Amino acid sequence: MAKLIATIRSLIFFLVFLGPFTIIWSLISIAYAWALPQHLRHRMVVMNWSAATIFMAKWVLGIRFEVEGRENIPDIGVVVCNHQSMWETIFLQLVFHPQSQVVKKSLLNIPFFGWAFRLMNPIAIDRSDRRGAIQQVLDQGSHLLQQGNYICVFPEGTRRHPDQPGRFSKGGAVLAQRAGVPVIPVSQNSGRFWINKKFVKYPGTVQVKIYPPIQTDGAKPEEVIRQAEQTILSGLDLPKTEQSSISPELEAH
């Protein structure tokens with residue numbers, strides 16, 4: 001019965017929101033947002049769409065969230081977060097703004113959503129060209145940081161199962177050091193409810209933790225990213241009271 005209810009909720013969410021609303025919002029954004037300065041585009045297009053998505057996820061899917069550590073957010077920095085689902089790519093736009101994310105280039109080719117996302121100054125990399133991708137992150141990221149943007153990096157490179165985190169790459173730490181800004185570690189467990197590559201999503205509370213920034217002056221990027229990785233991984237264990245919300249797919253994994 002719980003899975004049937006979750007399936008119905010997910011169907012409503014997709015048919016009512018992710019489908020028609022996102023298409024309409026993307027077309028409106030493409031029509032007028034190109035003429036706005038970047039900070040206004042982010043606020044009017046990205047933040048409003050993200051807020052609506054998170055609102056619908058809460059009231060239709062039952063995916064709520066708790067945020068710990070907002071007081072740790074500095075004025076600028078490179079956000080380094082573990083990657084489990086699409087949820088955090090949306091939600092973090094509401095916490096760190098204006099923001100540019102490092103994303104795979106193919107994301108920009110998704111009809112409607114990808115076309116509108118191009119307006120948001122993402123750092124779209126080609127993963128097959130590793131050296132070129134690193135240089136692109138350093139060049140574009142440094143420029144965007146100078147303009148006052150946060151840069152969000154998912155150092156695992158792709159979405160990972162909540163119980164199988166990936167090794168962190170040092171690109172975000174190298175960028176932070178070059179730009180003279182701190183690394184901001186963030187952990188979250190959205191993949192236990194908004195399951196990657198699964199249509200059905202399950203109710204529960206995503207725990208988002210923002211840790212004190214790691215200063216990069218005089219530190220090796222390898223040391224910075226390892227510290228960020230250890231910090232993030234230490235915050236991924238859910239309280240026992242939350243375990244009952246874990247989806248059947250994850251419990252059976």
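Helix α3 (87-95) is mostly covered, with eight of its nine residues buried (under 20% relative accessible area, 1.4 Å probe, protein chains only). The buried residues of α3 include Trp87, Ile90, Phe91 and Leu92. The model is predicted, and local features require pLDDT of at least 70, side-chain atom pairs count only at pLDDT 80 or more, and totals for chains, interfaces and linings use all residues. Residues are numbered from 1 along each chain, and side-chain values use heavy atoms, without hydrogens and water.

The largest nonpolar core (buried Ala, Val, Leu, Ile, Met, Phe, Trp, Tyr and Cys residues joined through side-chain atoms within 4.5 Å) holds 33 residues, of which Phe13, Trp87, Leu92, Phe96 and Val186 touch the most other members. Among the elements that give two or more residues to this core are α1, α3, β6 and β7, while α2 gives the most, with six.

Five salt bridges (a side-chain nitrogen of Lys or Arg within 4 Å of a carboxyl oxygen of Asp or Glu) are counted. In one of them, Arg178 meets Asp139 at 3.8 Å, N to O; Arg178 lies in helix α6 and Asp139 in helix α5, so the pair ties together parts that are 39 residues apart in sequence. Asp163 and Arg192 form another salt bridge, their closest N and O atoms being 2.4 Å apart. Arg192 counts as buried, at 11% relative accessibility. Arg167 pairs with Glu229 in a salt bridge, with the closest N and O atoms 3.8 Å apart. Arg167 lies in the loop between β5 and α6 and Glu229 in helix α7, so this pair joins parts 62 residues apart in sequence. Salt bridges with shared partners connect Arg167, Arg226 and Glu229 in one network.

Technical notes:
Buried means under 20% relative accessible area, exposed over 50%, partly exposed in between (1.4 Å probe, protein chains only). Helices (H or I, at least four residues) and strands (E, at least two) are DSSP runs, numbered from the N terminus.
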